[in-house]
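Work through the exercises below with the sequence and the model open. Each task is followed by a solution in steps.

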Amino acid sequence: MVETYREEDSMMNRVLKSTIAVTAMAAMSLGTLAACGNSSASSNGKGKVYFLNFKPENADQWKQLAKDYTKKTGVEVKVQNAASGTYEQTLKSEIAKSEAPTLFQVNGPVGYQNWKKYTADLSKTYLYDQLVDKDTALKDGDKVVGVPYVTETYGIIYNKDILNKYFALSDAAVKSAEEINSFDKLKEVADGIQKHKDELGVDGAFTSAGFDSSSDWRFKTHLANLPLYYEFQEDKVDNQPATVKGTYLKNFKNIFDLYITDSTTPKTQLSSKTGDDANSEFALGKAAFYQNGTWAWSDLKKAGMSADSVGMMPIYIGAKGEENQGLTTGSENYWCINDKASDKDKKATEDFLKWVISSDEGKKSMTEEMGFTVPFKTFSDATPDNPLVKIAVEDAQSGKKPVSWNFTFMPSETWKNNLGSAMLEYAQGTGNWDAVKTAFVDGWKTEYDASH
């Protein structure tokens, strides 16, 4: 899953864990949006549904669900898919139309601010009632404004076969993946793999840390989450702060240095490397480690990887107590119902979502075909055929403390882009780490002030 939102992917799934997520605080013209009219009810009098989908990689599955539901009920369901990285822009355009989406998505509390005038209260809906953990819902006071429909998990995916070859070396730093429980251990192993790359048949320990837009969200958003997480834990921050201190930027530098040094790719080539490049390098056994999440499995599977060849460990940065740290889990996918739609269309949309999360067709599609971990009680008997999700579930039950998705608090897409640019320049040798610090700390205050 990419998509960060996942232009960040990107990216931000899937069970027993929750947090919050974030995207751009793009300015919007309320004057233009005021022209938005109520969507009209369909001719059968049942109302209709228009879903603006955030995840283009699941376009086919949503269109099939829409077709199945229309055939079953006679209710018209339209699904439109925004291209990767264009959701916010597309939503602004579509919501201003007379036939506006009745169902759309926000990625967390910061993104919600752009659409708060359009979010219906979901507190009385079946959707909210079926959440395993109601604290995961997006709320504005007593109003439930968004309900997460997928939780996702990310970390460092590893190739078990390559690591087993490394463990067999006489100078291996550890003899099992379970022993890699800190940054120091991770660095020892990565350095060892890089040293023996010819013997192990790899091009590097880590896949390319590409800064093409299909890949940069893994670093400017997902990796940057780690120093934020530890700073916010230390300072007991639970809402978007006006400033950050950058307490763990040295740790951020250490892990990023490891990515770009023990790598398949020269630093000078990172600007053009894509997400597909990293996926291919990992799937073809050219690298042992690949920072990504549960959503990556479908692409790895398509590229020929077997489920028993992959594992996933936390991203270690050298923070105190990280040996008890779990994987990074949360959601940036919240369903919202357009409050400006007609009552019939809002009811039709609620009914469609109820069917999606309770019917055999909907549950099969979301778990088996989309590969989601879904946070509703109705999915207690449904397990995705995804080895990374299974690892995430085991991690959730291990007693380790999960890392929350604190990138939900990032003040804007501009902040992420500026951070990413500074990181790339540092990696290429055309900039220094001080510019990364400036983008991280000073840039946060600038972007927060601009949006408040």
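**Exercise 1: a residue in a strand**

Thr328 sits in strand β10, which covers residues 325-330. The model used here and in every exercise is predicted.

Task. Decide whether Thr328 is buried or exposed, and list what Thr328 touches beyond four places in sequence.

Solution.
- Step 1. The relative accessibility of Thr328 is 1%.
- Step 2. The cut-off for buried is under 20% relative accessible area, so Thr328 counts as buried.
- Step 3. Leaving out residues up to four places away in sequence, Thr328 touches Glu152, Thr153 and Tyr154, then Asn225 and Leu226, and finally Val403, Ser404 and Trp405.

**Exercise 2: confidence and overall form**

Task. State how confident the predictor is in the protein chain, and find the stretch where the pLDDT is below 50.

Solution.
- Step 1. Mean pLDDT for the protein chain is 89, with 90% of the residues at 70 or more.
- Step 2. The stretch with pLDDT below 50 is residues 1-43, which nevertheless has 216 contacts in the model beyond near neighbours in sequence.
- Step 3. Where pLDDT is low, predicted coordinates should not be read in detail.

Task. Compare the radius of gyration of the protein chain with that of a compact globule of 452 residues.

Solution.
- Step 1. For 452 residues, a compact globule would have a radius of gyration near 22 Å.
- Step 2. The protein chain has 22 Å, so the value agrees with that of a compact globule.
- Step 3. The C-alpha trace spans about 75 × 45 × 40 Å along its principal axes.
- Step 4. Of the 452 residues, 59% are buried, and the chain contains 18 helices and twelve strands.

**Exercise 3: two helix residues**

Task. Leu65 is in helix α2 (residues 59-73), and Asp198 is in helix α8 (residues 197-200). Assign each as buried or exposed.

Solution.
- Step 1. Leu65 has 2% relative accessibility and therefore counts as buried.
- Step 2. Asp198 has a relative accessible area of 70%; the cut-off for exposed is over 50%, so Asp198 is exposed.
- Step 3. Contacts of Leu65, apart from residues up to four places away in sequence, are Phe352, Trp355, Glu361, Gly362, Ser365 and Met370.
- Step 4. Two C-alpha separations can be checked in the viewer. Leu65 and Val79 are 14 residues apart along the chain and 9.5 Å apart by C-alpha atoms. For Asp198 and Ala278, 80 residues apart along the chain, the C-alpha separation is 19 Å.

**Exercise 4: helix α10 and the loop after it**

Task. Follow the chain from Phe232 in helix α10 (residues 225-235) to Lys236 and Gly246 in the loop between α10 and α11. Which of these residues are buried and which exposed?

Solution.
- Step 1. Phe232 has a relative accessible area of 3% and is therefore buried.
- Step 2. Phe232 touches Val237, Pro241, Val244, Asn406, Phe409 and Trp444, residues up to four places away in sequence not being counted. One of these, Asn406, is 174 residues from Phe232 in sequence, yet their C-alpha atoms are 8.3 Å apart.
- Step 3. Lys236 has a relative accessible area of 73%, so Lys236 is exposed. Its phi is near 55°, a positive value in a residue other than glycine.
- Step 4. Gly246, at 13% relative accessible area, is buried. Beyond residues up to four places away in sequence, Gly246 touches Glu231, Phe440 and Val441.
- Step 5. As a distance check, Gly246 and Lys116 are 130 residues apart along the chain, with their C-alpha atoms separated by 30 Å.

**Exercise 5: the largest cavity**

Task. Describe the lining of the largest cavity, and name the element that gives the most to this lining.

Solution.
- Step 1. The largest cavity holds about 50 Å³ of space.
- Step 2. Its lining consists of Phe206, Thr207, Ser208, Ala209, Arg218, Phe219, Tyr259, Phe289, Tyr290 and Gln291.
- Step 3. By class, six lining residues are nonpolar, three are polar and one is charged.
- Step 4. Both α9 (217-223) and β8 (287-293) supply at least two lining residues. β8 gives the most, with three residues.

Technical notes
Residues numbered from 1 in each chain as written. Predicted model: local features only at pLDDT ≥ 70, side-chain atom pairs only at ≥ 80, totals over all residues. Heavy atoms only, no water. pLDDT = per-residue confidence, 0-100. Contact = heavy atoms within 4.5 Å. 1 Å grid on protein atoms, 1.4 Å probe; cavity = no way out; pocket = protein on both sides within 12 Å on 5 of 7 lines; lining within 4 Å. Points joined across faces, edges and corners; volume = space filled by probe spheres on them. Helix = DSSP H or I, 4+ residues; strand = E, 2+ residues; numbered from the N terminus. Nonpolar A, V, L, I, M, F, W, Y, C, P; charged D, E, K, R; others polar. Buried < 20%, exposed > 50% of the residue type's maximum accessible area, 1.4 Å probe, protein only. Rg over C-alpha atoms; globule rule 2.2 N^0.38 Å.
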